[in-house]
Amino acid sequence: MASGWMHTARFLTTAPQLHHLPPLDIPEIAFVGRSNAGKSTCINTLTQQKQLAYASKKPGRTQNINLFALGKQGVTDAVLADLPGYGYAAVPKADKVRWQQVMANYLVTRENLTGIVMMCDPRHGLTELDEILLDIIRPRVVEGLKFLILLTKADKLNREESTKALSIARLQAGGGEVKLFSALKKQGIDEASMLLWQWAHPEGAAAPAVKPAEPDLEEPENLDEA
Ligand SMILES: Nc1nc2c(ncn2[C@@H]2O[C@H](COP(=O)(O)OP(=O)(O)O)[C@@H](O)[C@H]2O)c(=O)[nH]1
Ligand SMILES: [Mg+2]
């Protein structure tokens with residue numbers, strides 16, 4: 001199903017600046033989050049492969065927007081955009097500012113951007129930088145941009161903490177979806193994959209790559225003779 005589609009993800013290209021990104025006319029889904037929120041682990045888990053995070057970690061690519069193609073070879077039908085994590089204390093100020101501008105630019109102007117997945121460690125909640133990002137994308141969300149917050153590392157929360165984290169994040173999400181996610185416990189993977197599939201196929205395809213049974217068009221014969 002949707003997980004098979006996610007599994008087709010492969011490295012497409014990397015770009016240090018917005019104008020280096022190829023213009024595309026297929027849906028693009030961006031992954032954003034504070035560094036250490038669990039973004040790489042989440043992308044690896046959703047796509048069931050380790051190479052993607054490795055591709056993003058190659059020297060020169062860590063501060064870049066990395067694109068991954070989805071769909072069977074030759075019929076790419078969507079791309080995932082892995083954006084560098086923000087908020088890492090050890091990054092020099094000038095680099096932070098540069099990066100925040102690239103990201104804001106990307107989120108505001110990328111024309112084929114269809115949806116955003118924000119990874120958030122629920123033990124810290126949405127941080128100031130997460131809120132700034134939400135403010136940046138809000139006008140586009142109003143215009144129909146899809147938005148999902150994944151509360152990562154959900155295995156670290158008990159039931160009560162999970163419920164609380166969900167309701168707080170839902171208030172902050174302003175209409176976007178919020179789901180619990182755990183790579184460790186394999187929680188929330190199918191729901192997230194299905195949602196991304198639906199974002200990329202809004203024309204109403206209910207499920208990927210499953211052909212309905214062919215109707216039997218042969219007329220029954222000799223009914224009268226029975
Ligand atoms: N318990 C638990 N730890 C996780 C989970 N996902 C990620 N982590 C840990 O959180 C840390 C940061 O993860 P990483 O994917 O590198 O975060 P990134 O900086 O956002 O890409 C690592 O030590 C991961 O092992 C999860 O679902 N459960
Ligand atoms: Mg990472």
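Why is strand β3 largely enclosed by the rest of the structure? Five of the six residues of β3 (residues 65-70) are buried, so the rest of the structure largely encloses this strand. That is a good place to start a tour of this model, which is predicted.

## Overall layout

The chain contains seven helices and seven strands. Read from the N terminus, these elements follow the order α-β-β-α-α-β-β-α-β-α-β-α-β-α. The chain has 226 residues, and 35% of them are buried. Contacts also reach far along the sequence: of those with a separation of 6 or more, 76% link residues 24 or more positions apart.

## The sheet

The seven strands form an open sheet with mixed pairing, in the order β1-β3-β4-β2-β5-β6-β7. At its edges are β1 (10-15) and β7 (177-180), each of which pairs on one side only. From one strand to the next, the twist averages 25 degrees.

Let us walk across the sheet, beginning at the β1 edge. Five bridges join β1 and β3 in the antiparallel sense, and Phe11 stands opposite Phe68 in β3. On to the next pair: β3 and β4 are also joined by five bridges and are antiparallel. Phe68 has Leu80 of β4 as a bridge partner. The sense of pairing then becomes parallel for β2 (residues 28-33) and β4 (residues 78-82), with four bridges between them. There, Phe31 has Asp82 of β4 as its bridge partner.

## The far edge

What does the β7 edge look like? β6 and β7 run parallel and are joined by four bridges; Leu148 has Glu177 of β7 as its bridge partner. In a regular strand, side chains alternate between the two faces of the sheet. β7 has a covered face made of Val178 and Leu180, and an uncovered one made of Glu177 and Lys179.

The loop between α6 (159-173) and β7 holds Gly175. Gly175 counts as exposed because it has 9 C-beta neighbours inside 10 Å, and a residue with 12 or fewer falls in that class. Its C-alpha atom is separated by 8.7 Å from that of Val141, although the two residues are 34 apart along the chain.

## Helix α2 and the core

α2 packs on the sheet, where it touches β2, β4, β5 (113-120) and β6 (146-151). The direction of α2 makes about 145 degrees with that of β2. Seven of the nine residues of α2 are buried, leaving the helix mostly covered. The buried residues are Lys39, Ser40, Cys42, Ile43, Thr45, Leu46 and Thr47.

Nonpolar side chains tend to be buried together in soluble globular proteins. Here the largest nonpolar core has 52 residues, and those with the most contacts inside it are Ile29, Phe31, Ala81, Leu150 and Leu151. Leaving aside residues up to four places away in sequence, Leu150 touches Cys42, Val117, Met119, Lys179, Phe181, Gly188 and Ala192.

## Around ligand 1

Which residues are closest to ligand 1? They are Gly38, Lys39, Ser40, Thr41 and Ala183, out of 16 residues that surround the ligand. The largest share of this shell, three residues, comes from helix α2 (residues 39-47). By class, the shell has nine polar, four charged and three nonpolar residues.

## Two positive phi angles

Most residues other than glycine have a negative phi. Two residues in the loops on either side of α2 are worth a look. Asn36, in the loop between β2 and α2, has a phi near 80 degrees, a positive value in a residue other than glycine. Asn36 is partly exposed, with 14 other C-beta atoms within 10 Å.

Just after α2 comes Gln48, with a positive phi of about 55 degrees even though it is not a glycine. Gln48 belongs to the loop between α2 and α3 (51-57). Gln48 is likewise partly exposed, with 14 other C-beta atoms within 10 Å; that count places Gln48 between the exposed class, at 12 or fewer, and the buried class, at 20 or more.

How values were computed
Residues numbered from 1 in each chain as written. Chains lettered and ligands numbered in written order. Predicted model: local features only at pLDDT ≥ 70, side-chain atom pairs only at ≥ 80, totals over all residues. Near = placed C-beta within 6 Å. Nonpolar A, V, L, I, M, F, W, Y, C, P; charged D, E, K, R; others polar. Pairing = 2+ DSSP bridges. Axes fitted to C-alpha atoms, helices over the stretch in contact; angles between N-to-C directions. Contact = placed C-beta atoms within 7 Å. Core = buried A, V, L, I, M, F, W, Y, C linked by C-beta atoms within 7 Å.
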